[in-house]
Structures are given as C-alpha cells and as structure tokens.
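The following exercises ask the reader to work through a single chain, from its ring pairs to its overall dimensions. Each task is followed by a solution in steps.

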Amino acid sequence: MMITEIVYLESKTEIAESDFTEIINRLEKNFHSIQEGFIDTELLHTPGTNCWIMIQHWNSLENMKKSSSGMFKNAATEEFRNSINPEKVQIKTYEQKGIWKK
C-alpha cells in the first residue's frame with residue numbers, strides 16, 4: 001500500500017527561494033531517490049513566504065520511517081537540515097485508499 005508523507009517546513013529567511021529549491025533538488029538526487037521504497041517527491045511553495053510543503057510517496061510505512069531516521073545521520077542531508085527551521089517542521093502520513101485519474 002502506498003504511503004503519502006506530507007512535510008510542512010520553513011526555510012531560513014536568509015535563504016533565497018531559488019537557492020532553497022536547489023537544496024531540495026540535491027536532497028532528492030543524493031538522498032531520497034536512492035532510498036528503498038521511494039517513489040517521488042513534489043515540492044510546493046507559498047509565494048512571498050519561507051513556507052514549503054514536500055509531498056512524498058513511499059511503497060511502505062517501514063521504508064518511509066527508515067529513510068526518515070536516516071535523514072539525521074547522512075551527510076547528504078546536512079545542507080538541507082542546516083537550511084530549515086527545525087522547530088517548524090510538521091510531518092503527517094497517510095495510507096492511500098483510492099486514486100482517480102483523468
């Protein structure tokens with residue numbers, strides 16, 4: 001069953017939007033995309049703010065949790081971790097129960 005992880009976060013105010021987008025690009029290429037069970041990530045941004053949402057899909061809750069715990073130990077995630085306000089991070093997970101497409 002597919003798991004959707006929604007991460008609400010804030011970038012540090014001194015980091016430009018384009019720079020933060022590139023930091024996320026490196027995070028996805030160098031960390032998430034090589035994790036077992038990773039499917040994809042979508043990045044959303046509220047214009048004029050430092051508020052971001054990452055929507056990630058995983059093939060299991062176990063794989064998602066394993067990746068999440070590895071985020072705090074892996075050198076490839078350090079730039080990302082240093083670019084966010086950790087006290088503002090909120091993570092929610094959901095099990096997919098249906099999908100409709102055009």
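**Exercise 1. Determine how many aromatic pairs the predicted model contains, and characterise the pair formed by F20 and W52.**

Solution. Step 1: apply the cut-off, under which ring centres must lie within 6.5 Å of each other. By this rule there are 3 aromatic pairs.

Step 2: consider the geometry. A pair of aromatic rings is described by the distance of the centres and the angle of the planes. For F20 and W52 the distance is 4.8 Å centre to centre and the angle between the planes is 50 degrees, and the pair is tilted.

Step 3: place the two rings in the chain. F20 belongs to helix α1 (residues 17-30) and W52 to strand β3, so their pairing ties together parts that are 32 residues apart in sequence.

Step 4: assess the burial of each partner, for which the limit is under 20% relative accessible area. F20 has 0% relative accessibility and therefore counts as buried. W52, at 5%, counts as buried as well.

**Exercise 2. Classify the pair of F38 and W58, and state which parts of the chain it links.**

Solution. Step 1: the ring centres are 5.4 Å apart and the planes stand at 75 degrees, so the pair is edge-to-face. The angle that separates this class from the tilted one is 60 degrees.

Step 2: F38 is in strand β2 (residues 38-45) and W58 is in strand β3; with their positions 20 residues apart, the pair links distant parts of the chain.

Step 3: F38 and W58 are both buried.

**Exercise 3. Which residues are linked into a cluster by ring pairs?**

Solution. The cluster consists of F20, W52 and F80, linked by ring pairs.

**Exercise 4. Describe the largest pocket by its volume, its central residues and the composition of its lining.**

Solution. Step 1: the space in the largest pocket amounts to about 330 Å³. Its lining comprises 17 residues, and those closest to the centre are M71, F72, F80, V89 and I91.

Step 2: assign the lining to elements. At least two lining residues come from each of β1 (3-10), β3 (51-58), α2 (61-70) and α3 (78-82). The greatest contribution is that of β1, with 3 residues.

Step 3: sort the lining by chemical class. It holds 11 nonpolar, 4 polar and 2 charged residues.

**Exercise 5. For H32 and I6, establish the location, the burial and the contacts of each residue.**

Solution. Step 1: H32 sits in the loop between α1 and β2. Its relative accessible area is 4%, so H32 is buried.

Step 2: with residues up to four places away in sequence not counted, H32 touches L27, F38, M54, Q56, W58, S67 and M71. The C-alpha atoms of H32 and M71 are 9.0 Å apart, although 39 residues separate the two in sequence.

Step 3: I6 is part of strand β1, and at 17% relative accessibility I6 counts as buried.

Step 4: beyond its neighbours within four places in sequence, I6 is in contact with I53, M54, I55, Q90, I91, K92 and Y94.

**Exercise 6. Are E78 and Q96 buried or partly exposed, and how far do C-alpha distances from these residues extend?**

Solution. Step 1: E78 lies in helix α3 and has a relative accessible area of 43%, so E78 is partly exposed. Q96 lies in the segment after β4 (90-95) and, at 30% relative accessibility, also counts as partly exposed.

Step 2: E78 and L27 are 51 residues apart in sequence and 9.1 Å apart from C-alpha to C-alpha. For E78 and I6, 72 residues apart along the chain, the C-alpha separation is 20 Å.

Step 3: Q96 and S83, 13 residues apart in sequence, have C-alpha atoms 30 Å apart.

**Exercise 7. Summarise the fold order and evaluate the compactness of the chain.**

Solution. Step 1: the chain has 3 helices and 4 strands, in the order β-α-β-β-α-α-β from the N terminus.

Step 2: the radius of gyration is 14 Å, close to the 13 Å given by the globule rule for 102 residues; the chain is therefore as compact as a globular protein of that length. Along the principal axes, the C-alpha trace spans about 40 × 35 × 25 Å.

Step 3: buried residues account for 33% of the 102 residues. Of the contacts between residues at least 6 apart in sequence, 72% join residues at least 24 apart.

Technical notes. Residues numbered from 1 in each chain as written. Predicted model: local features only at pLDDT ≥ 70, side-chain atom pairs only at ≥ 80, totals over all residues. Heavy atoms only, no water. 1 Å grid on protein atoms, 1.4 Å probe; cavity = no way out; pocket = protein on both sides within 12 Å on 5 of 7 lines; lining within 4 Å. Points joined across faces, edges and corners; volume = space filled by probe spheres on them. Nonpolar A, V, L, I, M, F, W, Y, C, P; charged D, E, K, R; others polar. Phe/Tyr/Trp six-rings, centres within 6.5 Å; stacked < 30°, edge-to-face > 60°. Buried < 20%, exposed > 50% of the residue type's maximum accessible area, 1.4 Å probe, protein only. Rg over C-alpha atoms; globule rule 2.2 N^0.38 Å. Contact = heavy atoms within 4.5 Å.
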